[in-house]
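Colleague: Could you walk me through this model, starting with the contact between the chains and then some side-chain pairs?

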Amino acid sequence: MEETIRPLEMILPLFPLIVILLCLAPLIFAMAGILLPALGTNMVTGELHLSLDAMKALMAEPGLGQSLRLTLTTGSGATLISLALALLGITFTWGTPWWRWIQRMLPPLLSLPHVAFAIGFAFLISPSGWLARLATPGLTGWSRPPDWQIIQDPYGLTLTLALAIKETPFLLLICMAALSQIDVDRQLWLGRSLGYRPHQVWLKILIPQIYPLIRLPLCAVMAYSLSVVDMAILLGPNRPPTLSVVVFGWFQEPELSLIPRATSGALLLLGLTGIFMGIWVLGERLAATLVKKIRIDGNRGRSPRGLTGIVRGSMGTGFFVSISVLSALLLWSVTTRWRFPDAWPARVSLANWASELPYAWYPMGFSVIIALLSSIIATLLVIGTLEHQNRTRRPWPLWIMALPILVPQLPMLFGIHVAALRMGLSPTLPLVVWGHLIFVFPYIWICLHGTYHRFDARYTTVGLTMGHSPLTCFLKIKLPMLLRPILFSWAVGFSVSIAQFLPTLMLGGGRIATITTEAVAIGSGVDRRIAAIYALIQLTLPALAYAMALILPRMKRGTP
Amino acid sequence: MNRALTLSRLTIRNGASPLFPELCLTIAPGEVVTIMGPSGSGKSTLLSWISGALPPHFTANGTLTLGDRELTTLPIEKRGIAILFQDDLLFPHMTALENLLFALPRGGAQERRTEALCALTELDLEGLEDRRPEALSGGQKARISLIRALLSRPKAVLLDEPFSKLDKPLRQSFRHLVFAKIRAMGIPALLVTHDKDDIPLGGRLVHLGPTQLRVPSIE
């Protein structure tokens with residue numbers, strides 16, 4: 001018995017160490033990589049002369065104030081709208097056929113990558129887009145597309161809306177995980193038996209309980225929305241763009257002397273995210289005080305019939321938009337001739353696919369290899385670390401594990417890039433896989449840790465009392481029982497990796513092309529047909545992973 | 001005014017099969033009727049139907065009235081029927097006092113606070129008003145959940161095995177307290193339990209099951 005225990009007990013402590021080394025320590029390099037140049041390190045000689053010249057150069061940049069304003073309005077707007085939609089959506093659909101429908105629609109919506117969504121969204125709502133074509137000429141009387149700046153509008157409204165629609169399913173998923181930890185139905189029943197209308201029970205009883213559980217992923221949404229680059233390039237304003245796009249442009253410049261300006265910009269983005277999160281925390285406290293007052297005032301509430309309709313309508317519209325985005329992409333990918341204002345293409349064929357696929361195999365291969373490697377390594381690391389924590393009964397705080405996605409990607413990646421160069425690591429595939437791993441790991445952790453910790457340890461005890469080794473019990477009892485959540489978390493990690501733009505571009509030195517980097521490059525061009533093909537390939541890969549995660553456990557009988 | 005709770009010609013089906021034969025039952029004000037039966041006989045499902053929370057995979061026929069008022073189609077919040085579960089289900093993000101204030105009808109802030117504090121004092125719970133549920137003992141939580149259910153001025157109470165998780169001495173005193181409160185308030189109550197000791201002295205007992213159903217009439 002002793003001999004069989006040893007291998008597992010010897011290996012498990014290594015997992016947290018690897019996690020610290022590969023996924024958390026890079027944050028320190030990242031901070032050094034942006035702080036040192038911003039504070040005056042000479043990028044050629046490496047000498048440090050403390051000065052604020054880089055900051056001054058940054059502040060003198062024309063349009064910086066407007067970029068900051070745009071970043072704040074788009075980031076905060078998207079976060080607020082998606083949070084409101086998710087919470088209101090649950091409040092007004094829980095226990096109804098709407099809720100079951102939302103649950104069914106979530107996996108395909110989650111598998112829709114941001115870039116693919118942005119490309120399809122542009123196809124849908126641009127002045128020459130599908131919606132305009134469907135309404136023309138009957139409702140509009142147009143003979144040519146109007147000169148409206150809907151895409152890349154100067155206020156960033158389209159970017160805000162697209163981000164909000166895209167983040168809502170993620171927040172719904174996180175809310176579902178949080179709701180599984182509390183007894184929703186009986187609390188709802190209890191609250192209603194005391195005379196409260198269901199929406200009042202949600203407001204006063206249930207949302208205050210789930211909010212602390214979704215707070216961290218919400219911060220990740222905040223950090224993402226404030227620092228997003230790929231979607232902002234495709235849908236955001238460009239004169240000036242959001243701060244993340246400005247700074248990304250600076251990093252792309254080959255002139256080394258301009259790097260301090262870029263790192264100062266990255267530092268500013270980091271500071272902006274920190275300040276925004278601070279303001280959010282203050283807002284939370286204010287909201288908590290208000291809710292505390294109203295939750296015990298005895299007000300049972302009035303019928304929210306109008307609001308119910310609005311919320312259900314908004315949820316339906318969001319899902320309709322996502323489905324329309326997919327349809328628009330499919331249609332454009334097979335279009336050979338589609339003149340405005342025709343509602344449908346005049347000629348369709350698979351010729352676009354036939355001519356483009358030979359070029360797409362190469363980036364597709366890289367995407368799959370990087371995503372498979374990073375998601376499988378991350379899943380193994382998550383399981384190993386969780387198992388170690390379960391045995392030592394010392395779980396790490398969730399915010400530490402989620403740190404890489406709570407910090408804006410751009411400054412962090414630049415820091416890692418500089419640190420890698422200093423260590424003599426040139427841009428190669430392993431470096432890109434590592435870059436993906438840093439961002440894939442937290443998502444898998446967030447998805448899996450709750451289910452893993454809730455696993456009833458008595459099942460393992462039963463196995464041990466029958467004389468099986470801990471390793472056998474782990475492999476034959478625990479893993480098969482947790483197969484479904486493990487595979488789902490892996491699929492989330494796989495899709496996160498497929499959607500990565502900055503880590504591939506910055507750590508691959510522009511030499512490694514994936515479907516996502518190609519889709520961004522083509523999506524910001526003019527050929528809708530090729531853009532649609534790349535967007536469809538980009539969304540098919542995660543969809544296949546999700547399908548596998550859902551189908552495989554069904555093939556294995558007896559898996560709960 | 002007659003405030004009896006009446007179930008008339010009630011059948012609940014899970015698919016095609018009825019959980020129990022047609023049930024007719026009237027519970028007088030202040031009376032506690034006990035329901036017993038094997039697992040799966042439909043005891044908790046019956047409570048969920050009376051409360052208005054019947055799970056969608058069940059279908060029910062029959063009517064529910066409280067006095068002259070028919071409740072059958074009303075939503076849970078309009079029925080005025082409180083429920084006490086096996087678990088205390090005190091809201092974890094609220095203090096003991098806030099849990100009680102949540103249940104009280106609207107009114108002056110000071111009056112509501114005084115009423116809640118008085119209710120705590122009456123059950124020897126003074127000084128616990130600012131404690132959160134995790135800082136209370138099982139017995140304290142049970143008593144607070146009872147006060148919470150009664151402070152909402154219910155017209156009837158459903159008791160879904162509320163004593164089963166308490167230890168024996170506590171169980172007995174809590175049982176007496178619950179029955180005394182219900183009698184004092186003069187509201188009908190339906191108790192679901194597996195333990196014969198829970199049946200109030202002289203109270204009626206209904207056996208629920210697929211083949212047999214015995215409902216003694218009020219003497």
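Modeller: Happy to; here are the ground rules, and then your questions one by one. This is a predicted model, in which local features need pLDDT of at least 70 and side-chain atom pairs count only at pLDDT 80 or more, while totals for chains, interfaces and linings use all residues. Residues are numbered from 1 along each chain as its sequence is written, chains are lettered from A and ligands numbered from 1 in the order in which they are written, and side-chain values use heavy atoms, with hydrogens and water left out.

Colleague: How many residues does each chain bring to the contact?

Modeller: Contact here means heavy atoms within 4.5 Å. By that rule chain A brings 24 residues and chain B brings 29 residues.

Colleague: Which residues of chain B lose the most area to chain A?

Modeller: Buried area is the accessible area (1.4 Å probe) that two parts lose on being put together, summed over both. Between chain B and chain A this is about 2,500 Å², with 62% from carbon and sulfur atoms. Three residues, together 28% of what the chain B side buries, lose the most: B:Glu77, B:His93 and B:Phe102.

Colleague: Which element gives the most to the side of chain B that touches chain A?

Modeller: Across the interface there are 10 residue pairs in polar contact, both at pLDDT 80 or more; a polar contact is a pair of N or O atoms within 3.5 Å, where within protein one must be able to donate a hydrogen and the other to accept it, and residues adjacent in sequence count only if both atoms are side-chain atoms. Helices (H or I, at least four residues) and strands (E, at least two) are DSSP runs, numbered from the N terminus. Among the elements of chain B that each supply at least two residues to this side are helix H1 (43–51), strand E7 (81–84) and helix H5 (138–151). The most, four residues, comes from H3(B).

Colleague: How many salt bridges are there between chain B and chain A?

Modeller: A salt bridge needs a side-chain nitrogen of Lys or Arg within 4 Å of a carboxyl oxygen of Asp or Glu. B:Glu98 and A:Lys292 form one, their closest N and O atoms being 3.9 Å apart. Over all chains the count is 20, and between chain B and chain A it is four.

Colleague: Is A:Leu243 buried or exposed?

Modeller: A:Leu243 lies in helix H13 (residues 243–252) of chain A. Leaving out residues up to four places away in sequence, it touches residues including A:Leu64, A:Thr71 and A:Leu269. A:Leu68 is 175 residues away in sequence, yet 5.9 Å away in space, C-alpha to C-alpha. Buried means under 20% relative accessible area, exposed over 50% and partly exposed in between (1.4 Å probe, protein chains only), so A:Leu243, at 0%, is buried.

Colleague: How far apart along helix H16 are A:Arg391 and A:Glu387?

Modeller: Their side chains meet in a salt bridge at 3.0 Å, N to O. A:Arg391 is partly exposed at 36% relative accessibility, whereas A:Glu387 is buried at 5%. Because they are four residues apart in helix H16 (residues 351–392) of chain A, the separation is about one helical turn.

Colleague: Where does B:Asp195, the partner of B:Arg171, sit?

Modeller: B:Arg171 and B:Asp195 form a salt bridge, with the closest N and O atoms 3.0 Å apart. The pair links distant parts of the chain, 24 residues apart: B:Arg171 is in helix H6 (residues 168–185) of chain B, and B:Asp195 is in the loop between strand E9 (189–192) and strand E10 (205–207).
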